[in-house]
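Visitor: Could you take me on a close look at the enclosed spaces in this one, and at what sits around them? I'd like the cut-offs as you go.

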Amino acid sequence: MKYLLLLFSALLVVSCNRDPKTPKVGEWRAVLELDKGKKIPFLMEYATGNVITFFNAGESIEITDVTLKGDSIILEHPVFEGVFKGIYSEDSIYGSFIQPSLDRAVPFKMKQGRAERFDLSKAPNQIVTGNWETVFSPDSEADRYIAKGIFDQKGHKVTGTFRTTTGDYRFLEGAVEGDSLKLSTFDGAHAFLFEAEVKDSVMNGIFYSGNHWKEPFIAKRNENYELPKADSLTFLKEGYKNIEFSFPNTDGDIVSLSDERFQNKVVIVQIMGTWCPNCLDETKYFSEYYKNNKNEQLEFVSLAFEYAKTEAKAMQAINKLKSAVDVPYPILLAQYGSSSKQKANDKLPMLNHVLSYPTTIFIDKSGNVRKIHTGFNGPATGEEYDTFVKTFEAFVQMLLEETPEDQSPQ
């Protein structure tokens with residue numbers, strides 16, 4: 001009997017050792033590991049109830065879909081398809097961040113404990129607060145594009161973003177170490193790293209997007225620099241006064257702009273993708289605006305261009321977004337299998353080009369396109385976002401107050 005009790009006790013100890021404890025509650029630091037030793041760091045918090053929050057400057061992203069089984073852990077974003085799959089202990093988690101539709105996987109490590117976003121060994125020699133006139137891929141005609149860097153530095157810590165003509169790089173956070181600037185963000189869909197040397201009011205750097213893309217950039221301090229106006233980049237081709245489309249909603253019904261629900265109303269058409277963080281920011285704003293400004297003469301509709309490989313997966317992604325944000329207007333599936341802007345343009349041939357996700361089309365009560373806004377200045381852009389909100393709301397109000405006699409295509 002004594003032997004059996006000892007054996008049972010030993011088995012119990014082994015069994016307990018095989019059942020890992022949950023990760024420790026508190027602060028954690030995570031890194032996505034790129035090729036050649038590059039790492040994209042971000043900070044996070046593990047809370048009671050298996051709730052994880054990722055932090056980027058003024059942004060927090062709450063992950064409540066956390067599954068623990070044995071020593072395995074799965075973290076799923078409330079909107080995007082990216083998923084962390086790994087092995088955990090009390091103070092570490094490691095595995096891969098996977099985006100199935102893109103056939104991408106990036107190794108990651110998460111470590112419990114308070115830490116800086118970037119490991120630093122030097123005090124800053126540079127101050128980057130202010131505006132920076134920026135060109136990405138300056139030596140490539142095919143890939144070249146312009147941007148505006150907007151940064152705020154306190155001590156060695158830096159927050160801000162790069163605005164482009166098609167949107168912004170959202171909430172970037174990092175530090176200046178000596179003459180080096182390092183910035184990163186992870187928003188659940190995109191993992192970005194910017195590294196640059198700063199001297200004589202000039203930045204020379206490299207931008208990494210996950211482990212699948214990198215490009216050089218150069219920036220010069222210019223407090224007066226402005227990007228081209230977002231309302232001038234996309235427009236109707238000559239001979240067109242309006243747009244047309246017919247795409248299925250999540251119930252499988254075909255919805256067209258010629259449907260009765262859109263007639264004699266102001267219609268806001270959003271060209272977007274559920275995989276797009278700027279589109280998510282805009283969708284949150286549009287949903288809030290729609291709910292808070294009920295008007296029988298106003299309709300919103302989104303056209304989703306999805307890279308999900310099947311129609312079913314694309315519809316699933318749309319429903320996930322609608323549920324997470326509580327979107328009160330229809331989102332139609334315009335395309336799946338590719339987020340190609342050229343293919344998007346093929347679906348909307350009356351436009352000169354689809355330059356950006358998102359793009360917003362303003363239609364008056366007579367069905368005329370009155371304005372097309374390329375890109376979206378999200379909350380990370382600060383004053384630019386506030387300006388967008390004021391301009392958007394004033395323009396929509398103007399369209400609502402017009403009578404058909406007032407309306408003519410511009």
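Guide: Here is a walk through the cavities, then a loop residue, the cores and a few backbone oddities.

First, the ground rules: this is a predicted model, where local features need pLDDT of at least 70 and side-chain atom pairs count only at pLDDT 80 or more, while totals for chains, interfaces and linings use all residues. Residues are numbered from 1 along each chain as its sequence is written, and side-chain values use heavy atoms, with hydrogens and water left out.

On to the holes. Rolling a probe the size of a water molecule over the atoms shows where empty space is left. Here a cavity is a set of points, on a 1 Å grid over the protein atoms alone, where a 1.4 Å probe fits but cannot get out, and lining residues have an atom within 4 Å of a point. Grid points are joined across faces, edges and corners, and a volume is the space filled by probe spheres set on the points.

The structure holds two cavities of 30 Å³ or more. The largest has a volume of about 120 Å³. It is lined by 13 residues, and Q99, A189, A191, G210 and H212 are the closest to its centre. By class, that lining has six nonpolar, six polar and one charged residues (Ala, Val, Leu, Ile, Met, Phe, Trp, Tyr, Cys and Pro count as nonpolar, Asp, Glu, Lys and Arg as charged, and the others, Gly among them, as polar). β8 and β9 each supply at least two residues of this lining; helices (H or I, at least four residues) and strands (E, at least two) are DSSP runs, numbered from the N terminus.

The second largest cavity has a volume of about 40 Å³. Its lining includes F54, F84, F97 and F186, and by class it has seven nonpolar, three polar and one charged residues. β6 (72-76) and β7 (83-88) each give at least two residues to that lining.

Back to β8 and β9: S101 lies in the loop between β8 (92-99) and β9 (104-112). S101 counts as buried because its relative accessible area is 15% (buried is under 20%, exposed over 50%, partly exposed in between, with a 1.4 Å probe and protein chains only). Beyond its neighbours within four places in sequence, S101 is in contact with E81, Y307, A308 and K309, contact being heavy atoms within 4.5 Å.

Now the cores, each a set of buried Ala, Val, Leu, Ile, Met, Phe, Trp, Tyr and Cys residues joined through side-chain atoms within 4.5 Å. The largest nonpolar core has 63 residues, and I243, F245, L351 and F392 have the most contacts inside it. α5 gives the largest share of this core, eight residues. Setting aside residues up to four places away in sequence, F245 touches V255, S256, L257, V269, V301, L303, L332 and L348. Apart from that core lies another, of 27 residues, among them A30, M44, V66 and F84.

Last, the backbone oddities. Most residues other than glycine have a negative phi, and most peptide bonds are trans. D200, not a glycine, has a positive phi of about 50 degrees, and phi of S201 is near 60 degrees. D200 is in the loop between β16 (191-199) and β17 (202-209), as is S201. D200 is exposed, at 73% relative accessible area, whereas S201 is partly exposed, at 36%. Elsewhere, a cis peptide bond joins Y357 and P358, with omega about 5 degrees, and P358 is found in the loop between α4 (341-347) and β24 (359-363).

Terms used. 1 Å grid on protein atoms, 1.4 Å probe; cavity = no way out; pocket = protein on both sides within 12 Å on 5 of 7 lines; lining within 4 Å.
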